[in-house]
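Biologist: I'd like to learn how to read a structure like this one. Could you walk me through it, feature by feature?

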Amino acid sequence: MFHAGAMLVAMATDTALGWPDRIHARIGHPVVWMGRLITALDARWNRGTEPQRRRAGVAALGVTVLAAALPAALVQTLLPGGLMGAVLTGLLAWPLVALRSMHEHVEAVADPLERGNLPEARRAVSMIVGRDPAQLDEAGVARAALESLAENSSDGIVAPLFWGLLFGLPGIAAYKAINTLDSMIGHRTPRHEAFGWASARTDDWVNLIPARLTGVLFALVSRSPRTALATMRRDARAHRSPNAGWPEAAMAGALGVRLSGPRNYGDRVSAEPWLNAGDPDPGAAELRLGLALYRRGMGLLALLFLLVAAA
């Protein structure tokens, strides 16, 4: 109950304020702090044979998670109980939730796409996806933005709040450390396949429940929950990721569009299967509907936290 109230405070604060530029300019952001530590560990420890790199990667995972979770646990023991403690915990968890920034990044793609400004839409979508935006037409831009919206709703919002609900401030801090590790070193590249293996597998595990929960949230607030749920059950496991396919397939079914499919990453093409293959490509209108679905889904999540807090 206490943690649910704290997570509600974090959601409300982030929805109202985001992470203001003035605060960022003065102190940066906790994820940036974690990133600096990961960069230093990568530079110093990612060397030697493959077994040595794997062992070093496990150590880097442990050091980064402890560096995030232990101070959070200490702070939590110093906070008061009751309403004041929940408010303070929520304010400290606030920067680790990305409700507002997620919406703003996708809206920055939808706005020029609606105006027919494809170059500006490509530039905006390049800020949230890794694929080559120069190869994307209107449908490709809309697909990329919707996929990012679906996946990052899980990684950036539902998952940290889920672990915060279970374990409070240390839980949400530890999750963000793991997710940041995965985004920085959890890649199947010659440099990071061994060193980032432990981080990538751990990220898969901690997102197992949140990804499926995110898909269910999208389905429940859609105009056709049965269709969205059926699409998710049918297509989610076809995705290259063990987790991202669940919210993406639910989003595809909810909007009646196809997502994923082949995409360009610079000098290579990734032949991904389609999610909800029988439906048409999305456009600017479907991207707007996706943002509305996102708002309703996160509203339902807040309602669930409210019910837990009031229980």
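Biologist: Okay, let's start at the beginning. Which residues in helix 1 are buried?

Modeller: Two notes before I answer. This is a predicted model, where local features need pLDDT of at least 70, side-chain atom pairs count only at pLDDT 80 or more, and totals for chains, interfaces and linings use all residues. Residues are numbered from 1 along each chain as its sequence is written, and side-chain values use heavy atoms, with hydrogens and water left out. Now, "buried" means under 20% relative accessible area, "exposed" over 50%, and "partly exposed" in between (1.4 Å probe, protein chains only). In helix 1 the buried ones are His3, Ala4, Gly5, Ala6, Met7, Leu8, Ala10, Met11, Thr13 and Asp14.

Biologist: And what do the buried residues of helix 1 pack against?

Modeller: Helices (H or I, at least four residues) and strands (E, at least two) are DSSP runs, numbered from the N terminus. Contact means heavy atoms within 4.5 Å. Here the partners are helix 4 (50-78), helix 5 (82-93), helix 6 (99-114), helix 8 (138-185) and helix 13 (284-310).

Biologist: How far does helix 1 reach from its first C-alpha to its last?

Modeller: You compare the reach with an expected span, which is 1.5 Å times one less than the number of residues. Helix 1 covers residues 2-17, so 16 residues, and reaches 23 Å, close to the 22 Å expected. Right after it comes Gly18, with a positive phi near 65°.

Biologist: What about helix 13, how many residues does it have?

Modeller: Helix 13 has 27 residues and reaches 39 Å, close to the 39 Å expected. Its buried residues include Leu287, Leu291, Tyr294, Met298 and Phe305. Among the elements covering the buried residues of helix 13 are helix 1, helix 10 and helix 12.

Biologist: How do you describe two packed helices?

Modeller: By the angle between their axes and the distance between the axes. Axes are lines fitted to C-alpha atoms, for helices over the stretch in contact, and angles run from 0 to 180 degrees between N-to-C directions. Take helix 10 (residues 208-220) and helix 12 (residues 245-255): their axes come within 7 Å and cross at roughly 10°. That makes helix 10 roughly parallel to helix 12 (under 35 degrees counts as roughly parallel, over 145 as roughly antiparallel, 65 to 115 as roughly perpendicular and the rest as oblique). Ala211, Arg212, Thr214, Gly215 and Phe218 of helix 10 meet Trp246, Pro247, Ala250, Met251 and Ala254 of helix 12.

Biologist: Is Thr214 buried or exposed?

Modeller: Thr214 counts as buried, because its relative accessibility is 0%. Leaving out residues up to four places away in sequence, Thr214 touches Ala150, Ser153, Ser154, Val158 and Pro247.

Biologist: Which sign does phi have at Ser260?

Modeller: Positive, about 65°, although Ser260 is not a glycine. Ser260 lies in strand 1 (residues 259-260) and counts as buried at 3% relative accessibility. Asn276, also not a glycine, has a positive phi near 60°. You'll find Asn276 in the loop between strand 4 (274-275) and helix 13, and at 7% relative accessibility Asn276 counts as buried.

Biologist: And where is Pro119 found?

Modeller: In helix 7 (residues 118-125). Pro119 counts as exposed, because its relative accessibility is 58%.
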